[in-house]
Structures are given as structure tokens and as C-alpha cells.
Amino acid sequence: MMARVTGLRLSLALAASIFALGAAVAQEPKKGGTVHVVVQPEPPMLMQGLNQNGPTNMVAGNIYESLLRYNEKLEPQPSLAKSWEISPDAKVYTFKLQEGVKWHDGKPFTADDVVFTLDKFLRDVHPRWRPIVNAQVEKIEKVDDLTVKITLKQPFGPMVMTQEVASAPMIPKHIYDGTDYRANPANNTPIGTGPFKLKEWKKGSYIHLVKNEDYWLKGKPNLDEIYWQIIPDAAARAVAYETGKVDVLTGGSVDVYDVARLSKLPNTCMTTKGWEMFAPHAWLTPNVRNGILGNKQFRQGLMYAIDREFGKDVVWGGLGKLPTGPISSKTKFYSDDVPKYTYDPAKAKELIKASGYKGETIRLLNLPYGETWSRWSESIKQNLEDVGVKVQIENTDVPGWTQKASNWDFDLNFNFLYQLGDPAMGVARSYISSNIAKGNPFANVGGYSNPEVDKLFADAAIAPTDKERQELYTKVQKVLADELPVLWLLEMDFPTIYRCNVKNLVTTGVGVNDGFRDAWKE
Amino acid sequence: MNLAQFLAGRLVKGVLVLFAIAVLNFLLIRAAPGDPAQVLAGEAGAADAQLLEQLRARFGLDQPFLTQLWIYLKGYLTFDLGFSYRQQQPVLNLIMERLPATLLLTGAAFLVSLVVGTAMGALAARRAGKWSDSIITTLALAFYATPLFWIALMSQIVFALKLGLVPNVGYETIGANYTGLARALDIAHHLILPALTLGLFFTALYARMMRASMLEVAGADFVKTARAKGVSQPRVWRRHVARNAILPVVTLAGLQAGQLVGGAVLTETVFAWPGIGRLMFDALVQRDYSVLLGVFFISSAMVVGFNIITDLVYRIADPRIEASA
């Protein structure tokens with residue numbers, strides 16, 4: 001029996017010990033069975049090469065596969081690549097592919113598919129792979145049917161972290177080569193190599209995946225079927241779990257204040273693991289172009305004024321952890337050797353006064369992702385007004401937020417971004433000046449620009465060893481924590497709530513996104 | 001004016017109204033901030049200029065505004081409601097896939113509320129001042145005033161969770177693979193909660209309307225005359241009062257029927273009912289213009305159509321009314 005988690009304030013240490021316990025008493029997986037999972041909202045499509053929305057990844061990550069997968073410590077593991085070698089100069093990566101892998105339509109998976117995917121398909125359409133392949137990769141070649149060689153322009157440490165299934169899903173060349181990718185009718189009937197195949201998608205109701213009988217990893221998957229149910233209302237999702245309609249409530253699918261109650265139900269397990277690759281980091285972006293927000297003292301004053309503990313414990317029900325800087329403590333290259341900010345209204349008043357603030361109204365753009373975010377906005381407004389800063393909350397819908405954030409139409413803006421396993425991919429983008437561009441809410445929308453920071457991030461991305469990278473990242477964290485281009489609020493946790501008889505569900509750094517390969521039902 | 005002339009006149013007007021609505025819808029949607037490409041890119045958590053450009057071209061947003069309007073109108077003239085790039089499906093398919101579920105839900109709610117509401121209202125009027133009247137009017141007032149989403153959630157908690165009588169969400173038991181009669185019964189089982197929830201408000205409305213209207217008619221001179229002539233009490237209520245009191249209810253029913261397609265957004269959302277209302281709401285928050293315009297168009301066509309039908313029903317209910325175009 002896996003221990004049932006009753007407390008809400010689940011510390012990482014506790015989570016780790018529960019995992020260890022679970023592993024220690026691991027049983028022989030049982031074959032067969034059906035699992036009902038909540039996916040929210042409904043994915044726009046399941047062709048993961050063309051769309052990487054959260055819900056798309058949850059479902060399609062079990063249909064498609066990539067060269068590597070990553071465990072909870074974010075160490076690379078074999079997937080479609082059986083093994084890989086990195087040359088001593090860290091510039092040549094050679095991937096050996098698994099033998100006997102077939103696409104869901106029966107055609108063999110070979111090095112040609114890998115080269116097509118990485119060199120053509122994703123370079124053309126994938127917003128995260130494109131900048132990497134264009135800036136770092138010299139060439140991608142097939143050596144033989146089961147070997148692919150990627151040659152880099154210079155050492156690029158994060159390369160080994162780029163092959164997660166949403167970042168680089170393998171796409172069948174025989175279906176897509178030479179076609180207009182986005183108009184290909186096959187987008188409705190995704191063909192991957194993964195452990196599950198799409199059987200039926202009843203729009204508005206469910207997505208039905210069935211076991212891939214010809215899966216290359218013999219004996220897997222254990223489950224016969226997965227139904228991803230689409231239930232748009234959060235309270236109705238909670239009731240659906242309680243009445244037994246669904247077995248798994250994926251991260252973020254129930255309201256924060258329901259998590260504690262649901263976790264205490266019989267035969268119910270809760271974990272905050274399985275999000276290490278994403279490690280969502282929430283913050284407020286000050287628009288440094290707008291008057292007083294360009295003043296470092298003022299921003300520091302705001303940071304001291306915000307009761308971040310309150311946000312975590314009350315607004316987010318105790319889920320998560322306070323961040324110290326731009327890099328999540330859950331990922332590599334984190335350093336806590338930085339200036340720290342505690343809740344200190346007196347100090348905040350002092351700094352704000354010294355900054356020359358004259359009572360201008362600050363517009364706070366709320367993130368329209370539900371009740372919790374609105375409450376967070378309100379509590380922060382109160383914190384800031386306590387120290388004499390006038391705040392006006394602006395509300396809009398998601399497209400409105402996207403447009404305002406993308407076009408820099410805010411003073412303070414809520415946001416949360418994925419860290420994507422390496423600071424070069426998920427962190428630098430929010431701080432470097434080359435990423436100040438309109439049209440994208442996840443660019444450097446605050447407009448912070450510092451040549452020293454640009455250089456540190458650029459050097460760290462291509463420094464040959466992890467030790468050298470760590471030194472540079474430690475330095476940049478120190479600088480940023482002093483300058484506060486954004487006000488970091490929370491390392492977010494998205495708890496997965498599930499029946500304890502669903503085993504081995506969360507075993508990787510992306511959790512349910514690729515977890516059904518190994519999951520089984522008792 | 002004869003029936004054919006009446007119908008022809010109304011149809012021509014209806015088409016003109018629909019055309020104006022189609023143009024207005026297009027302009028209104030474009031006034032909302034954001035666009036589908038930006039939303040799609042935003043949801044993915046990563047985007048660059050090239051991706052946005054590729055997506056905008058897919059959605060046809062790279063064309064000049066008037067060209068987009070022209071393509072849209074031209075499509076509608078040939079009954080082509082367009083293509084949703086987001087969902088990779090023609091809009092008509094998306095709507096047709098969802099239409100049966102919505103019509104089942106709204107149709108059931110419509111029938112239940114019309115029959116139960118009118119009967120309750122008539123009963124309350126007959127027993128005006130008695131305790132049964134008080135119960136009906138109090139309940140009607142309560143259901144009329146209670147927010148739909150609250151009733152929806154409470155009914156889930158009471159009837160699905162606590163009592164376990166009915167499923168709380170969905171259209172059918174997912175994964176059960178029922179066929180034939182078993183499937184019909186399964187769907188009916190799922191239909192109970194949403195249909196009753198959706199029907200409650202209109203039941204209350206019909207009951208109040210019918211009661212008020214009947215009491216008003218009951219005091220009219222011709223009813224007194226009928227009584228004085230010695231017509232039996234049940235016959236007076238049935239033939240003289242009820243028949244004359246039904247007209248406002250017909251008006252209301254016409255309005256409700258017009259909402260059969262688009263009027264159940266909230267119910268469909270809370271009960272995860274895979275209908276048109278949710279398709280429309282999702283399309284709205286995703287700025288999926290073509291889907292949104294398609295649903296708007298079908299909904300407006302329903303309203304226009306049911307207005308014409310209502311006018312025809314007036315003529316049957318009360319032959320004195322001359323339908324005029």
C-alpha cells in the first residue's frame with residue numbers, strides 16, 4: 001500500500017520519502033484495465049508537432065514519443081533512442097535508435113524519420129525547437145537506419161534536455177514529408193510510435209486511447225484503455241471524481257480549495273511530482289518602460305511590500321514554495337546565494353519613498369485563469385496599498401490578457417512560465433534584451449535590458465562544462481535578484497489527485513504527460 | 001391577408017434580418033481584443049513571430065479586412081459556414097456533431113417546462129388563495145429567482161453525490177459501449193438532471209404567467225356571462241378562461257423555442273453536456289471566429305424561424321388574430 005497523503009502542506013522531503021516507500025514495495029504490474037482521466041480544457045488538436053498546449057501534451061504525450069524521456073531528477077533516460085554518446089568536445093551527439101519500432105500505421109520508424117522531424121518539420125513549425133536548431137545545430141545526419149548524428153556549432157549543454165516529447169515529438173516522415181503540414185488531413189488522426197493509439201475523439205465528451213499492441217517495449221503498456229474526459233466545470237470535476245466517474249484529476253483541474261478535501265477521500269493519493277520539467281514559476285512583471293517602474297528601488301519596495309507567504313498559504317492553499325530568483329529550486333543550476341526579500345512593509349515604505357514615487361496609479365493586469373488568480377491580485381493590491389502605492393486591478397478574458405501582455409499594455413502583469421528543464425530554454429527568455437518583442441506574452445514583455453545579464457545568459461548556454469555553467473548562472477541569479485526585472489512570487493505546485501489503485505502513474509519529470517506507458521491498475 | 005402571402009412576406013424579411021445579423025456578428029467579433037492565432041500561441045506557452053505569422057495565415061487573418069468579410073459572406077450564400085483551423089474541421093460538421101445533444105436537452109426542458117408550468121399555473125389560478133396556490137407560487141418565485149448554476153451544482157451534490165440516483169455529468173456512460181435501447185436509457189438517465197435544471201426557470205415563468213393571465217381573464221365580462229348562462233365550472237375554466245389566457249404563454253414559448261440552440265450554455269458547461277452552447281462558449285474564449293459566427297448564425301436563424309411559427313400558432317389559438325406580415 002502506498003501511504004495516503006493527508007496533509008496539504010506537503011513538503012518536498014515528505015513527497016520524496018513517500019515515493020521511496022512506494023518504490024520499496026513495488027509490486028508486479030497487473031495487465032489490463034481502463035483508466036478515466038480528466039483533461040481540461042479540451043485540447044485543440046492532438047498533433048503534438050503542431051500544437052503544444054498543456055492539455056494537448058497530456059494526451060498526445062502518450063501517443064507520440066521522443067528520443068529521450070526524463071526522470072523526476074531530470075536525468076535523461078532512453079526512449080526512442082536506445083543510447084546516446086556525446087563527443088569529448090561536446091559538439092557531436094550520436095543517438096542509437098531502438099530496434100523494431102513501428103508507427104501506429106505499421107510502417108517502420110527509422111533514422112529518416114528522426115532527421116525529417118528535427119531538421120525539417122520541427123524547424124519549420126515548433127516555436128521552441130526552431131531557435132535551438134537554428135542557433136546551435138550545424139547539421140543533422142543519418143548514419144545508418146538506426147543511427148543519427150547531430151553536430152553542433154559549439155558546445156550547448158542544454159542539448160541533452162531538448163528531447164522531451166512535447167519539445168521534440170517524432171513525426172512520421174511518410175505521412176508529412178512534402179505536404180502542407182498544417183493542412184494535412186492526418187492531423188485529425190495522429191500517428192505516433194507511443195504506447196497508446198487514438199481510437200476516437202468525441203468532441204466535447206472524451207478522447208479514447210487504446211493500447212498499442214505492437215509497442216516496441218515488450219510487455220508495455222499495462223493498461224488497455226484510457227478515456228480522457230472533458231468536464232468544463234471545476235466543481236463538477238470534483239463531484240465526478242467523488243462519484244467514481246473519473247480516476248485521475250490532473251494538475252490544476254480542481255480548485256485549490258478542493259485539493260485538501262479531495263486528498264482525504266478514501267483510496268485517494270495526491271502528488272505534486274511530475275512537473276519537474278516544467279517547474280512553473282509565477283511572478284509579476286513590472287513594465288520597466290513605465291515611469292516609476294523603471295526604478296530599481298521602487299521595484300525592491302514592491303517586493304518587500306508583498307506578503308508572499310500569505311499568497312502561498314492562503315491563496316494557493318499552501319501549495320508551492322517561495323522562489324528566491326529566476327531559476328526554480330526544482331531544476332539544475334539553482335543558487336540561493338542571492339539578495340533575499342522578506343515581508344517588511346516598513347522597509348518597503350522607505351524604499352518607495354526614496355524612489356521618488358508620487359502617488360501614480362499602477363495598473364495591475366489580472367491573469368484570467370480563474371478565482372485563485374483574482375484573489376491573488378486582490379491580496380497584492382491590498383499589500384501595495386498598505387505601503388501607499390495606488391493600485392487599480394484590470395480584468396479581461398484570456399485573449400484580452402494575451403493581447404495586453406503581448407503588446408506591453410500594463411504596469412504590472414501576472415504570468416507564470418515553464419522552466420523547461422534548463423535555464424537556457426525556460427529562464428533566459430524572460431530577461432534577455434534580444435527577446436524584447438511584441439506579439440508574444442512569454443517574451444521579455446517587461447522590457448528589462450542589461451548587457452551584463454545578456455552576456456551571462458549567452459555564455460552560460462554554451463559554456464562547455466556544467467561547473468562553468470553553474471558559476472555563470474549563480475552570478476546572473478545574484479544580479480537579477482538585486483535588480484528585480486520581475487517580482488517572483490511562487491514556485492507553483494499542480495497536484496495530481498488519483499485513486500491509489502492506479503499505480504506508477506507519475507514516474508517521470510512530465511508526470512501524466514508520458515506516464516501511462518508504465519501505469520497499471522490494481 | 002392569406003397564409004401564403006403572410007409566410008412569403010415574413011420569409012423575405014427574415015432573410016434580410018439574417019443578412020444584417022451576419023454582418024453585425026462579424027464586426028462585433030472583430031471588436032473583441034485578441035485573435036485566434038495569438039490565443040493558440042499563448043496557450044502553448046511559447047511563441048515567436050514566425051509561428052504567429054504562420055497561424056494568422058491559416059486563419060485567413062493576413063487578408064485585408066474587407067476581403068475577409070467578403071469571403072465569409074460569400075461562403076454563407078453557398079451554405080458554407082467555413083473551416084475551423086483550430087479544430088481542423090469544417091464548421092458545419094462541428095455544429096452538426098453537437099446539435100443532437102443540444103436539441104435533446106433543450107427540447108426536453110422545453111416540453112417539461114411548458115407542460116408542467118402551464119398546468120401548475122392553471123391549478124394555482126383555480127385554487128387562488130388556497131394553500132396549494134401558495135405552495136405553487138412560492139416555489140415558482142423561488143425557482144424564478146435562484147441562479148441556474150447554483151441549482152445545477154447543488155442538484156449534482158444532492159442527487160448524484162449524496163443520493164447516487166443519477167450521474168452528475170456527461171451525455172452517456174463513457175466506455176460502456178451501450179447500443180440500441182440500453183444506450184437510449186443510459187442517455188435518458190444522464191438527461192434527467194440537466195433537463196430538469198434547465199427547465200426549472202421556464203417552468204416557474206410559465207406557472208406565474210399562466211396564473212396571472214388566467215386570473216385576469218376569469219374576471220372578464222364574458223366569463224361572468226358564461227357562468228350566468230349556467231355553463232359548468234370546469235367547462236368555463238377550460239373553454240373560456242384557459243383558452244383566452246394561453247396567448248401570453250405562447251409568446252413566451254416562442255421566445256424559449258428560439259433559444260433551443262444557443263440558450264443552454266451554462267447548463268451544458270456545468271453538466272459537461274457536449275452541446276452547441278459549449279462549442280460557442282469555447283469558441284468565444286478562443287476567438288475561433290468561424291465557429292462562433294457559425295453558431296451565431298444558426299441560433300439567429302432559429303429565432304427568426306420560431307418567431308414566424310409563433311405568429312402562426314397565435315392564429316390557431318385565437319382565430320380572431322389576423323396574422324399580418
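**Helix α9 and the architecture of the predicted two-chain complex**

The buried residues of α9 in chain A are covered by elements that include α11 (371-386) and β17 (487-491) of chain A. Helix α9(A) itself comprises residues 308-315, of which A:Gly311, A:Lys312 and A:Val315 are buried. Viewed down the axis of α9(A), these buried residues fall within an arc of 115°, so they line one face of the helix. Such an arrangement follows a general rule: an α-helix has 3.6 residues a turn, so residues three or four places apart point the same way. After α9(A) comes A:Gly317, with a positive phi near 60°.

The model under description is predicted, and the predictor assigns the complex an ipTM of 0.88 and a pTM of 0.90. For chain A the mean pLDDT is 92, with 95% of residues reaching 70 or more. For chain B the mean pLDDT is 89, and 98% of residues reach 70 or more. An exception to the confident part of chain A is the segment of residues 1-24, over which pLDDT stays under 50; the model has 27 contacts for this segment beyond four places in sequence. Where pLDDT is low, the predicted coordinates should not be read in detail.

Chain A contains 16 helices and 20 strands. Its C-alpha trace spans about 70 × 55 × 45 Å along the principal axes. The radius of gyration of chain A is 23 Å, which agrees with the value near 24 Å expected for a compact globule of 522 residues. Of these 522 residues, 54% count as buried. Among contacts in chain A with a separation of 6 or more, 70% are made by residues 24 or more positions apart.

An open sheet of seven strands in chain A has the order β8-β9-β10-β1-β11-β18-β12, with mixed pairing. Its edges are formed by β8 (196-202) and β12 (268-271) of chain A, each of which pairs on one side only. At one of these edges, β12(A) pairs with β18 (residues 496-499) of chain A in the antiparallel sense over four bridges. Within this pairing, A:Thr268 has A:Arg499 of β18(A) as its bridge partner.

A further set of pairings in chain A involves strand β5 (residues 92-97), which pairs with β4 (residues 81-86) in the antiparallel sense over five bridges. A:Tyr93 of β5(A) is the bridge partner of A:Ile86. The two strands, β4(A) and β5(A), form a hairpin with five residues between them, and in the turn A:Ala90 has a positive phi of about 60°. Strand β5(A) is also joined by five bridges to β7 (residues 147-152) of chain A, again in an antiparallel arrangement. Here A:Phe95 stands opposite A:Val148 of β7(A). The two faces of β5(A) are distinguished by their environment: A:Tyr93, A:Phe95 and A:Leu97 make up the covered face, whereas A:Val92, A:Thr94 and A:Lys96 make up the uncovered one. Thus A:Tyr93 and A:Phe95, the residues named in the two pairings, both belong to the covered face.

Chain B has 14 helices and two strands. Along its principal axes the C-alpha trace of chain B spans about 85 × 60 × 40 Å. Buried residues account for 39% of the 325 residues of chain B. Of the contacts in chain B with a separation of 6 or more, 71% come from residues 24 or more positions apart. A local feature of chain B is B:Pro147, situated in the loop between α6 (131-145) and α7 (148-162). With 10 other C-beta atoms within 10 Å, B:Pro147 is exposed. B:Pro147 and B:Arg126 are separated by 21 residues in sequence and by 29 Å in space, C-alpha to C-alpha.

The contact between the chains takes 48 residues from chain A and 44 residues from chain B. On the side of chain A that touches chain B, β1 (34-38), α4 (129-136), β10 (225-229), α6 (234-242) and α12 (398-406) of chain A each supply at least two residues. Helix α12(A) gives the most to this side, with six residues. By character, the residues of the side of chain A that touches chain B divide into 20 nonpolar, 18 polar and ten charged. Strands β1(A) and β10(A), which contribute to this side, also take part in the open sheet of seven strands.

Terms used. Residues numbered from 1 in each chain as written. Chains lettered and ligands numbered in written order. Predicted model: local features only at pLDDT ≥ 70, side-chain atom pairs only at ≥ 80, totals over all residues. Buried ≥ 20, exposed ≤ 12 C-beta atoms within 10 Å, placed from the backbone. Arc of directions from axis to C-beta. Contact = placed C-beta atoms within 7 Å. Nonpolar A, V, L, I, M, F, W, Y, C, P; charged D, E, K, R; others polar. Rg over C-alpha atoms; globule rule 2.2 N^0.38 Å. pLDDT = per-residue confidence, 0-100. Pairing = 2+ DSSP bridges.
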